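Subject: Structure handover

Hi,

Here is the structure I promised to pass on. My notes on what I found follow below it.

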Amino acid sequence: MLRKSLIFGYCLPFLVTAGCISQTHADWLKQSQDLMGTRVNIELWSNKPDQASNCSDRVFTEMHRIDALMSPYKTDSEISAINRQAAQQAVPVSAELFRLIRKSIQFSDLSAGAFDITFASIGFQYNYRTHKKPDEKTINQQLKTINYKNLVLHNQTIKFAMPGMSIDLGGIAKGYAVDRAIDILQQCGITQALVSAGGDSRLLGDKQGRPWMIGIQHPRKKQAIALSIPLSHTAISTSGDYERFFISDKKRIHHIINPQTGKSATNSWSATVIGPDATSTDALSTSLFILGAKKGLELINTLDNMDAIIIDANGEIFYSSGLENPAEPG
Ligand code: ADP
Ligand code: MG
């Protein structure tokens with residue numbers, strides 16, 4: 001993991017490039033699929049092409065399985081069953097989903113409630129494609145249904161302590177899927193790989209003896225990279241207000257909801273977290289985005305092996321104490 005060094009500049013969006021299934025190099029296998037509402041990319045190094053393609057197939061199968069389990073948009077997912085029934089009764093769930101919901105609650109506690117999967121009761125009323133948002137009255141009436149403390153977890157069942165609640169794992173599930181992907185690649189004997197799902201990436205090993213160069217999207221310039229970082233053997237997640245949004249009354253309405261207001265969080269343009277696993281960096285990047293630079297970095301500086309870069313709502317860049325504060329981009 002990189003510490004105390006950053007490389008800056010406006011360079012080409014490097015490796016997390018969309019593309020169709022292709023084998024671009026004798027020993028690097030690159031594959032992409034649209035999954036979990038985003039683009040999933042896998043790059044792996046292997047000198048056995050059959051083995052490489054078999055491993056990558058297994059990874060995509062696993063990611064489809066996780067999507068089917070956790071998507072709130074699929075009516076037969078476990079999450080949808082919880083959202084339909086948990087206000088009336090304790091809903092039995094798989095051990096896997098129970099664990100991830102429990103983990104989400106740990107991140108809620110850690111972030112003083114910024115990360116909260118019950119944001120969904122109001123979150124589901126936004127539609128960024130059709131520019132739909134709830135009105136003030138609806139938000140005020142329903143804000144009380146956002147509170148992770150009203151999730152009752154018991155003996156592998158989930159219950160809502162009040163009616164009107166919903167949950168959505170959109171702030172952690174992609175990171176979890178990336179971690180599962182890396183586990184499978186490791187079981188396959190792969191030692192160098194990159195897996196990314198939208199803003200969540202994890203690197204296995206390095207790139208032929210050199211670090212991977214990971215670009216952080218410029219939050220206000222399309223196709224531009226704000227900075228790039230050499231990294232190996234680590235996870236990195238970015239949450240930004242530029243992925244899914246629309247402008248209404250000169251305000252940017254985007255997909256990261258402040259649980260205290262029921263509205264899009266306003267403290268940051270983007271928050272990036274670097275750490276050992278993508279489940280944690282995913283949940284923490286969403287949390288830090290909401291908390292903003294001051295509180296967000298205070299939090300990250302208390303955690304071992306976690307670093308962060310926050311671009312605040314004025315475009316100013318802030319770094320956690322584990323990262324060097326480098327010179328301005330050249
Ligand atoms: P992306 O989905 O673009 O990778 P993030 O990791 O930041 O971005 O997650 C944003 C998603 O997290 C939203 O689309 C939504 O599903 C979920 N979310 C939004 N607000 C919150 C919140 N306060 N706590 C937990 N999850 C949230
Ligand atoms: Mg996230």
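Please keep in mind that this is a predicted model. I start with one helix, then move to the ligands, then to a second helix.

**Helix α1**

The buried residues of α1 pack against many partners: strands β2 (28–35), β3 (38–45) and β7 (193–197), plus helices α2 (78–85), α3 (95–110) and α6 (173–187). The helix itself covers residues 49–70, 22 residues in total. From first C-alpha to last it reaches 32 Å, close to the 32 Å expected at 1.5 Å a residue. Its buried residues are A52, C55, S56, V59, F60, E62, M63, I66, D67, L69 and M70. The spacing in such a list is worth a thought. An α-helix has 3.6 residues a turn, so residues three or four places apart point the same way.

Take F60, which sits in α1. Its relative accessible area is 4%, under the 20% cut-off, so F60 counts as buried. Beyond its neighbours within four places in sequence, F60 is in contact with Q31, S32, Q33, L35, V40 and I42. F60 also comes within 7.9 Å of A181, C-alpha to C-alpha, although 121 residues separate the two in sequence.

**The magnesium ion**

Which protein atoms are the donors of the magnesium ion (ligand 2)? They are D282 (O), D282 (OD) and T286 (OG1). These atoms lie 2.0 to 2.4 Å from the ion. Both residues belong to helix α7 (residues 278–300). They are four residues apart, about one turn of the helix. D282 and T286 are both buried.

**Ligand 1**

D282 turns up again here. A polar side-chain atom of D282 lies 2.8 Å from an oxygen atom of ligand 1. D168 also has a polar side-chain atom by a ligand 1 oxygen, at 3.1 Å. With I257 the backbone is involved: one of its polar backbone atoms is 2.8 Å from a nitrogen atom of ligand 1. How much of ligand 1 does the protein bury? Taken alone, ligand 1 exposes 560 Å², and the protein buries 95% of that.

There are 18 residues around ligand 1. D116, K174, S239, I257 and D282 come nearest. Helix α7 gives the largest share of the shell, three residues. So α7 holds the two magnesium-binding residues and also contributes to the surroundings of ligand 1.

**Helix α3**

α3 has 16 residues, which should span 22 Å at 1.5 Å a residue. Its end C-alpha atoms are 23 Å apart, which agrees. The buried residues are E96, L97, F98, L100, I101, S104, I105, F107 and S108. They pack against α1, α2, β5 (151–154), β6 (157–160), α6 and α7. After α3 comes A112, with a positive phi near 55 degrees.

Is E96 in this helix buried or exposed? Its relative accessibility is 13%, so E96 counts as buried. The E96 side chain makes a polar contact with the side chain of Y176, at 2.5 Å. Outside its neighbours within four places in sequence, E96 is in contact with R65, L69 and Y176. One of these, L69, is among the buried residues of α1.

Send me any questions once you have had a look.

Best wishes

Terms used
Residues are numbered from 1 along each chain as its sequence is written. Chains are lettered from A and ligands numbered from 1 in the order in which they are written. This is a predicted model: local features need pLDDT of at least 70, side-chain atom pairs count only at pLDDT 80 or more; totals for chains, interfaces and linings use all residues. Side-chain values use heavy atoms; hydrogens and water are left out. The expected span of a helix is 1.5 Å times one less than its number of residues. Buried means under 20% relative accessible area, exposed over 50%, partly exposed in between (1.4 Å probe, protein chains only). Contact means heavy atoms within 4.5 Å. Donors are N, O and S atoms within 2.8 Å of the metal (3.2 Å for Na, K and Ca); water is not among the atoms, so sites may look incomplete. A residue is near a molecule or strand if one of its heavy atoms lies within 4 Å of it. A polar contact is a pair of N or O atoms within 3.5 Å; within protein, one must be able to donate a hydrogen and the other to accept it, and residues adjacent in sequence count only if both atoms are side-chain atoms. Accessible areas come from the Shrake-Rupley method with a 1.4 Å probe; for residues, only the protein chains shown count as cover.
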